[in-house]
Amino acid sequence: MHLNERERRALQQLERELFIQDPGLARQLETGIPARRTYEPQARHVLAVAVGVLMMLLAIPISPSPLGYCGFLLMAWGLVAHRVQKARSASD
């Protein structure tokens, strides 16, 4: 499809604005290669929560134990880190 001069200028202006506003998206559109999402942090957070819960369960027979406290802290870190990463990826 052929574009007239006015349409070409408007398209070039849109391209310049895209490069200014979101250079990452502009590069993806230009190359045609989609950005890959990393799943490592998510897996790490899930693993931290699972290990934290396991540590807390193992600490039940030993009333107030450091193992239970560490398990709780690990589980809490995994949950908070996951929420922070989720909020960060939503804002990108």
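Here is a walk through this structure, helix by helix, with stops at a few residues along the way.

The model you are looking at is predicted, so a good place to begin is the confidence that comes with it. Averaged over the chain, the pLDDT is 84, and 91% of the residues score at least 70. That confidence varies among the elements of the chain: helix 3 has the highest mean pLDDT, at 88, while helix 2, made of residues 23-31, has the lowest, at 80.

Let us start with helix 1, which covers residues 5-21. At 1.5 Å a residue, its 17 residues should span 24 Å, and because the C-alpha atoms at its two ends are 24 Å apart, expectation and model agree. Look next at the start of this helix. There, Asn4 has a side-chain oxygen that reaches to within 3.2 Å of the backbone nitrogen of Arg6.

Now turn to the charged side chains in helix 1. As a general point, side chains of opposite charge can pair when their charged atoms come close. How many salt bridges does a search of the whole structure find? The search finds two. One links Glu5 and Arg8, with 3.4 Å from N to O. These two residues are three apart in helix 1, so about one helical turn separates them. The other salt bridge joins Arg9 to Glu5, at 3.8 Å from N to O. Arg9 and Glu5 are four residues apart in helix 1, again about one turn of the helix. Since the salt bridges share partners, Glu5, Arg8 and Arg9 are joined into one network.

Are the members of this network buried or exposed? Glu5 has a relative accessibility of 43%, so it counts as partly exposed. Arg8, at 40%, is also partly exposed, and so is Arg9, at 47%.

Further along helix 1 you will find Glu15. Its relative accessibility is 43%, which means that Glu15 counts as partly exposed. Try locating Ala26 from here: Glu15 and Ala26 are 11 residues apart in sequence, and their C-alpha atoms are 7.9 Å apart in space.

Moving on, helix 3 runs over residues 40-58 and helix 4 over residues 66-91. The loop between helix 3 and helix 4 holds Ile60. With 58% relative accessibility, Ile60 counts as exposed, because the cut-off for that word is over 50%. Together with Val53 and Leu57, Ile60 makes a nonpolar surface patch of about 270 Å².

The last stop is helix 4. Its 26 residues should span 38 Å at 1.5 Å a residue, and the C-alpha atoms at its ends are 37 Å apart, so here too the model agrees with the expectation. Which residues of helix 4 are buried? Among them are Gly68, Gly71 and Met75, together with Gly78 and Ala81. Ala76 is found in helix 4 too, but at 25% relative accessibility it counts as partly exposed, because buried means under 20%. You can use Ala76 to look back along the chain as well: Ala76 and His45 are 31 residues apart in sequence, while the distance between their C-alpha atoms is 9.8 Å.

Key
Residues are numbered from 1 along each chain as its sequence is written. Side-chain values use heavy atoms; hydrogens and water are left out. The expected span of a helix is 1.5 Å times one less than its number of residues. A polar contact is a pair of N or O atoms within 3.5 Å; within protein, one must be able to donate a hydrogen and the other to accept it, and residues adjacent in sequence count only if both atoms are side-chain atoms. Patches are made of residues with over 30% relative accessible area and no salt bridge: like charges are joined within 9 Å, nonpolar side chains (Val, Leu, Ile, Met, Phe, Trp, Tyr) within 5 Å. Accessible areas come from the Shrake-Rupley method with a 1.4 Å probe; for residues, only the protein chains shown count as cover. A salt bridge is a side-chain nitrogen of Lys or Arg within 4 Å of a carboxyl oxygen of Asp or Glu. Buried means under 20% relative accessible area, exposed over 50%, partly exposed in between (1.4 Å probe, protein chains only). pLDDT is the predictor's confidence in each residue, from 0 to 100.
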